[in-house]
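Colleague: Could you take me through one spot in this model in some detail? I'd like to hear what surrounds it and how the neighbouring parts fit together.

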Amino acid sequence: MNSELFVLDCPPSPEAEYEYVNAPTSLKMAAKRYTKNGSELQTRGLTLLFAHCIGAHKEQWEPVIDKLFDLQHSKTVSHRIREAWSFDWQSHGDSAVLNREQLKEARPTLVVAAYEWAAAISAFVESPRMEGHRIVTLGHSGGVGALVHSARYLRQLRPYHAMIIIEPAFLPRDLFHLYQHQNLAAVNFVYSTTLSRRESWASRKEAFDYLRQRTPCSLWDERVLRLFVEHALEDSDNQDGRSVILKCCKQVEAKTYCDLEPALEAAVYLKSLCSRFPIHLIWGSIDDFVPGFAKEILSDPGQGWTFSSISKIDGSGHMVVQENPDRLALTIAGILDIPCLHELFVLECPPSLEAEYEYMNTSTSLDMAAKRYTKNSSEKQTQGLTLLFAHCIGAHKEQWEPVIDRLFDLQEPKKAPYRIREAWSFDWQSHGDSATLNRERLQRSRPYATSGYEWAAAIAGFIESPRLKDHRVVVVGHSAGAGAMVHSTRYLHQPCNYNAIILVEPSFVPRELFHFHQREQLASLQLVYSATAARRNSWNSRRDAFDYFRKRMPCSLWDERVLKLYVEHGLEDSVGQDGPCVVLKCDKFHEATSYCDAEPAFEAAVHVKGLSTSLPVHFIWGSKNDFVPEFVKRVISDPAEGRRFASITKIDGCGHMVVQENPDKLALTIAQLLDTTTPGAIVSRGSSKL
């Protein structure tokens with residue numbers, strides 16, 4: 001394995017006023033880049049970034065890294081390792097040597113906060129060196145907090161392909177104080193033990209012989225201990241002549257254990273990261289440093305941490321990196337092999353053609369969050385279909401995941417043109433992650449709703465981008481999302497030749513029909529507006545929210561998977577008058593006013609008539625007429641009205657929220673429609689940019 005040593009400049013931390021941070025002090029961060037057998041040529045492979053625990057150093061990871069290169073070398077290109085980087089905290093390892101004088105001058109404590117390490121890592125991630133890399137971060141103990149905070153400092157919604165956290169040593173503030181006696185006792189123990197530790201030896205051999213006879217080093221893999229003696233110690237001169245001492249002095253290490261604020265904040269912020277990209281948790285089976293109750297709390301999805309996987313390594317404790325690097329590497333390799341079901345993107349939204357429309361202010365540019373889904377290397381199925389999904393009002397892009405996952409499985413054994421290449425799902429600009437991204441801009445410029453026209457324009461801009469060049473596109477929309485998909489065809493710069501349009505319980509209605517039944521229609525809108533505006537929008541925790549929703553209509557009718565996705569992705573962490581809580585991402589006033597924005601629905605009913613004569617347009621209704629009245633379904637579906645749809649299907653036992661109520665039956669229905677698409681038809685592209 002090849003390694004190169006780098007010295008990187010560190011930017012100031014955003015927490016410049018924090019007790020242990022002194023922004024004017026310019027520090028350095030030592031880093032090593034690892035490659036093996038020309039791995040740097042694997043440009044589609046993964047780049048791994050490693051952060052060590054308190055008291056350790058960047059080279060502690062070398063046995064793990066070397067084993068991972070070997071384990072992944074023979075696998076598919078996307079699972080191989082391109083390169084790996086390991087970083088020394090600014091007060092540890094080679095960084096401690098580089099920064100010693102600056103720290104003495106500016107830091108009486110010599111402590112470097114995890115916030116500063118996080119800022120340095122995030123600056124590295126945003127540097128040109130990492131452009132185009134698929135990054136997976138791996139942190140151990142105190143290094144976990146640094147990686148979590150690094151994601152805070154990055155501008156991307158999904159800065160990392162995945163994160164793997166190993167024995168994280170933190171709890172949220174409220175739980176830390178609930179178990180304050182045990183937690184402070186543990187901190188005091190490790191503080192006093194560190195200060196009483198020997199830190200000088202006559203030679204490296206003497207240091208090795210001394211350490212391997214004492215806990216915890218006596219439990220370490222010999223390779224890791226030899227690396228510690230080689231890289232965590234440095235030559236020094238004292239009264240008795242030459243000696244070796246710790247690069248990170250024991251006073252600094254001890255005080256770093258007491259710097260609790262970054263860890264308490266990281267525990268809270270980690271919850272929101274779980275909804276942005278896959279996060280995998282690894283514990284040692286022995287509860288020697290992180291107590292069992294803390295592991296149980298952090299592993300409980302009801303507390304808000306929804307990890308993609310949780311693993312335990314038998315026979316190892318908190319220092320699993322040092323104790324069993326080979327077994328840890330095998331566990332990490334298994335995680336790297338997990339097919340990435342989704343990737344999160346933030347797309348810039350172009351202006352809508354209806355720039356003067358009541359609900360628009362085109363001077364303010366909004367963003368649209370989107371997720372790309374693949375499964376079992378489906379992206380290689382270049383003859384297959386690319387599916388695009390739009391949700392209903394009040395929902396979010398992840399509502400489609402049970403349908404998407406089922407569709408991948410249903411289509412995989414079929415002929416190449418009917419398999420799924422990839423799927424994309426989009427958050428309306430005032431919903432889901434888009435609402436979080438656009439919150440300040442919405443407050444400034446959108447006192448009411450964001451229009452369905454804007455969402456349609458954003459989807460059309462994406463479809464004409466180079467990303468979908470030569471893709472066979474099928475669009476699927478539910479309720480108001482159906483209208484957005486219909487309007488997206490109006491914004492394309494070239495004639496639309498989607499392979500198919502699938503509209504699930506579309507909520508559009510011809511203008512004249514609406515006015516003929518005006519009293520009933522206005523009463524229905526008023527009811528849904530009032531119910532939405534009066535709805536509860538804050539809960540103590542995600543578990544509290546889940547228990548609340550599953551007892552109330554309409555959520556009590558939903559498939560449990562969809563409800564759990566709503567609690568995970570439709571809510572976000574916040575702080576209320578009584579402390580931490582979770583709230584709706586989509587402001588309920590924005591949701592309520594969206595129901596009243598009727599113009600896009602009227603126009604969609606007209607435009608779909610023309611589409612139905614040139615493209616396969618499929619309608620799917622629920623058998624229950626609970627939101628869209630029966631007379632609207634009858635008129636919209638009537639070929640005598642000029643709308644000649646390729647198919648009209650009803651799903652028994654479901655109402656308007658068919659996506660939420662029965663995703664499996666809906667997926668089966670959509671799969672049958674996909675089997676009728678024409679092989680070879682490709683959507684032409686303009687020159688729009690993402």
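Modeller: Let's start with Met-130, bearing in mind that this is a predicted model. Met-130 has a relative accessibility of 3%, and since anything under 20% counts as buried, it is buried. You'll find Met-130 in a loop, the one between helix 3 (114-125) and strand 5 (134-140).

As for who it touches: leaving out residues up to four places away in sequence, Met-130 is in contact with Thr-47, Glu-83, Trp-85, Phe-124, Val-125 and Ile-135. Take Thr-47 from that list. Thr-47 and Met-130 are 83 residues apart along the chain, yet 8.7 Å separates their C-alpha atoms.

Now on to strand 5, which the loop leads into. Six of its seven residues are buried, so strand 5 is largely enclosed by the rest of the structure. Strand 5 has pairing partners, too. One is strand 3 (residues 46-51), which runs parallel to strand 5, with six bridges between them. Another is strand 6 (residues 162-166), also parallel to strand 5, joined to it by five bridges.

If you want a residue to follow across these pairings, try Val-136. This strand 5 residue is the bridge partner of Leu-48, and Val-136 also has a bridge partner in strand 6, namely Ala-162. So much for the surroundings of the loop where Met-130 sits.

Terms used
Residues numbered from 1 in each chain as written. Predicted model: local features only at pLDDT ≥ 70, side-chain atom pairs only at ≥ 80, totals over all residues. Heavy atoms only, no water. Helix = DSSP H or I, 4+ residues; strand = E, 2+ residues; numbered from the N terminus. Buried < 20%, exposed > 50% of the residue type's maximum accessible area, 1.4 Å probe, protein only. Contact = heavy atoms within 4.5 Å. Pairing = 2+ DSSP bridges.
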